[in-house]
Amino acid sequence: MNVQFRKDIFAGLNEVQKEAVLCTEGPVLVLAGAGSGKTRVLTHRIAHIVQRKLARPRQVLAVTFTNKAAGELKERVAAITAGGDEVAAGTFHSTMLRVLRREAKALVYPQDFSVFDNDDSVRLVKQILDDANEAGKFRPKLVHAVISRLKNDFVAPEQYAKHAKSPLDRAVAHVYPEYNRRLKILAAMDFDDLIVQATRLFREHPSVLATWSSRWRYLHVDELQDTNFAQFELLRLLAGSQRPNLFAVGDDDQSIYGWRGARVENVFQFQEAFPETKVFRLEQNYRSTQAILDLANAVIEQSDRRERKRLWTARGGGQLPEVIGLATDQDEAREVADRIGRAVMSGRRAFSDFAIMYRTNAQSRLFEEALRSRRFPYQLLGGVGFYSRKETRDALAYFKLCLNPRDDISLRRIISEPPRGIGATTLERLKSFADEHELSLFEAMERACELRALNARAANACAKFVDQVNAWRTALANEPLEKWAASVLEESGYIARLRDEKSFESQGRLDNLDSLIDSLAEHAAAGRSLTEYLEQAALATDQDKYDPHADSVRLMTIHAAKGLEFPAVFITGLEGRTFPLQRPDESEVRDPDEERRLFYVAVTRAHDELALTYSGRRRVWGQLQERSASTFLRELPEDAAEWRSARSAFTSSPGTDEPAAAGSASERIRRLQRRRAAEDLPMLGQAGAEEDAERSASQEIRDVPPDDVPAVRNGDLVLHHTYGQGIVLDVSPFRDTVRVLVEFDGGVQKRLVQSVARLQPVKDFE
DNA sequence: TCGGTGCTTATTTTT
DNA sequence: TAAGCACCGA
């Protein structure tokens, strides 16, 4: 082979990485520390396989943790070698979904089965509990979680029933088989089925297994430490009994999904399951400064771990991480936002350099408010995201019902949304008829006229609805997707109802539906079907929504931050009970080691700057609680971080003493600054800033009468509390928003959207 | 059948 | 605090 291309593939890899890439035959385990370039190894190895023609791109499978990671992997392979984008890559779930669609016949499932997301599944469990008169005794979510664990551990309902003792156990023992039975009737699979049914498929149909395992000649698995029992079993099956070409990457220190059945043990059992495994260790970190790594090492060394690793970096020194104590959770949010503001205003950082991380989603709110009130752009990953908003889910339920009318969960969701004369009583009667004949609700509705129990009015309403759905089903094949979707929402009366409401909230919902239609249009333009759209909506992870190109602060749980990295990271809420998280009704932290690994994961996301914050008081469920610094902080070596207490959120205004750069805008700002200093005027808007956290954006919008907006005009010079000065570029007459151009010494320009309520024009200038 | 009111309850973390 | 749910009255 010629030396030239080898140089391409191996350029920039260290010795261990190179060896791992070259080791293409047989099982390989790479123990990869955080930031040690495992994605690089993965992409280069696949590129190497493709380029050496050991296999065609589609014969290479890579199982990643998110679909986004899969997409990036393909891109990166494609950047090195032709055909890289044809590599089969996806999550366990999306990969197996493709298999199951193709092989549905073998499992006696309809090929167009629905995929139930968590919400759907929990609703189904709730149905069953309600039917069994167990409503209210057990939380459906909990029961579903137990069932999910059982499925992934391959515990069959009959097996479980034998050992059921506690009331919860017995409830689960009742719900579990019924839940499976109904999924089948509804022609649906839940998330766990995608793995478990695939395993069943491969076990019971050796010829099917043979097809797929010979198709994928090279297997890759990322994040091995977060795979569960069923997934490992799936790997074993696909790998076959011969010496498989199976390449796994993992880090036991980063195992953070134990609560959903992930088994770190899979990392250690890999070598037993696959004899002759070659092991490589990646310990050089390319991401963080030494100061950050020192802290990370200090954190993880406190845990009992099986594989001793110690990360090191060639990036010596670095800024010492800071520990910042605040009085309250609101101060914490303000401090974080202010620090971001100062760094951005000084031109030292962009918004997108920052990530704010927290233990639980509920903590995001204060940060959102603080950022929003300053008009800083931000992206929230996770939480109540787009696909879990009510209106989005309702709309998707209409679409799902059209694809699979047997989907009772979707039907129930929208049957009274808007109300159409089919209420609880009618539904109850339909349901008993459906149960009797093993039908879905929709099928029962189709036969509503046979149903004596229904009065004419209800039967009519049913017939009308059935006709409507059938008409939509026909239309789906003949119309462009986005047009079809819009007319479904229109004809169903869903949109009309929102329009009639005319509230602030309903307007937002209509906007969301618009963007849903937009995204459908985009999707359709790429030649994809509605089925595929719904699948990606169901299987989308929080990270899949993350747009790395937008210049905005990222807010996320630490779990959602897995695999990501940022120049500057805030880890917040480092207090007792919050992180490590302890449930209010329990006296101990459930899994202290996993909490610690979570902390470790968070720390190792940072390139250059790291700040750890905590506050003395925090509002939980509306109640103010006293908090102390987290045990994690107390365990840190003295010199691992710089400790400071920032009780006051507003310290000083940014110093900009450099001479003004050329350009009229900065000239004007500079002169203005000098004048203000001379007159000893207070910084404008400072009082307003104090109120920021108390005000939500919606309140602000109502607070400002539209007539007041022209108080600021284009070209005005403005000040906005401590951050800086700028010139108004653009005033929106409808909202209280203003776009402001801020210029700095180096000619750095930042666009901000700020609140008119807080902006005051500087008059009589020049 | 449906909408409104007032009470309860919840917070880990997510494919 | 906020959302979700059960109950009740029209």
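**Salt bridges in a predicted model of chain A**

The side chains of Lys431 and Asp131 in chain A form a salt bridge, with N and O 3.1 Å apart. I begin with this pair, and I should say at once that the model before you is predicted. Lys431 belongs to helix α19, residues 424-436, while Asp131 belongs to helix α6, residues 118-131, so their salt bridge ties together parts that are 300 residues apart in sequence.

How buried or exposed are the two partners? Lys431 has a relative accessibility of 8%, and because buried means under 20%, this lysine counts as buried. Asp131, at 37% relative accessibility, counts as partly exposed.

Allow me now to set this pair in the context of the chain. Chain A contains 31 helices and 23 strands. Of its 766 residues, 55% count as buried. About 34,100 Å² of chain A is exposed, and carbon and sulfur atoms supply 48% of that area. If we take the contacts between residues at least 6 apart in sequence, 76% of them join residues at least 24 apart. In the structure there are 47 salt bridges.

The second pair I wish to present is Asp394 and Arg413. Their closest N and O atoms are 2.8 Å apart, and the two residues form a salt bridge. Asp394 lies in helix α17, which spans residues 390-403, and Arg413 lies in helix α18, which spans residues 408-414; the pair therefore ties together parts that are 19 residues apart in sequence. Asp394 is buried, with a relative accessible area of 1%. Arg413 is buried as well, its relative accessible area being 15%.

Which residues are linked with Asp394 and Arg413 in a network of salt bridges? The network also includes the acidic residues Asp117, Asp119, Asp120 and Glu417. Its lysine and arginine members include Arg123, Lys390, Arg393, Lys400 and Arg497.

The third pair lies within a single helix. Arg597 and Glu594 meet through their side chains in a salt bridge, at 3.5 Å from N to O. Both residues are in helix α27, residues 592-603, and they stand 3 residues apart, about one turn of the helix. Arg597 and Glu594 are both buried.

To close, I return to the three pairs. Lys431 and Asp131 join helices α19 and α6, Asp394 and Arg413 join helices α17 and α18, and Arg597 and Glu594 both sit in helix α27. Thank you for your attention.

Methods:
Residues numbered from 1 in each chain as written. Chains lettered and ligands numbered in written order. Predicted model: local features only at pLDDT ≥ 70, side-chain atom pairs only at ≥ 80, totals over all residues. Heavy atoms only, no water. Helix = DSSP H or I, 4+ residues; strand = E, 2+ residues; numbered from the N terminus. Buried < 20%, exposed > 50% of the residue type's maximum accessible area, 1.4 Å probe, protein only. Contact = heavy atoms within 4.5 Å. Areas by Shrake-Rupley, 256 points an atom, 1.4 Å probe, with all protein chains shown as cover. Salt bridge = Lys/Arg side-chain N within 4 Å of Asp/Glu carboxyl O.
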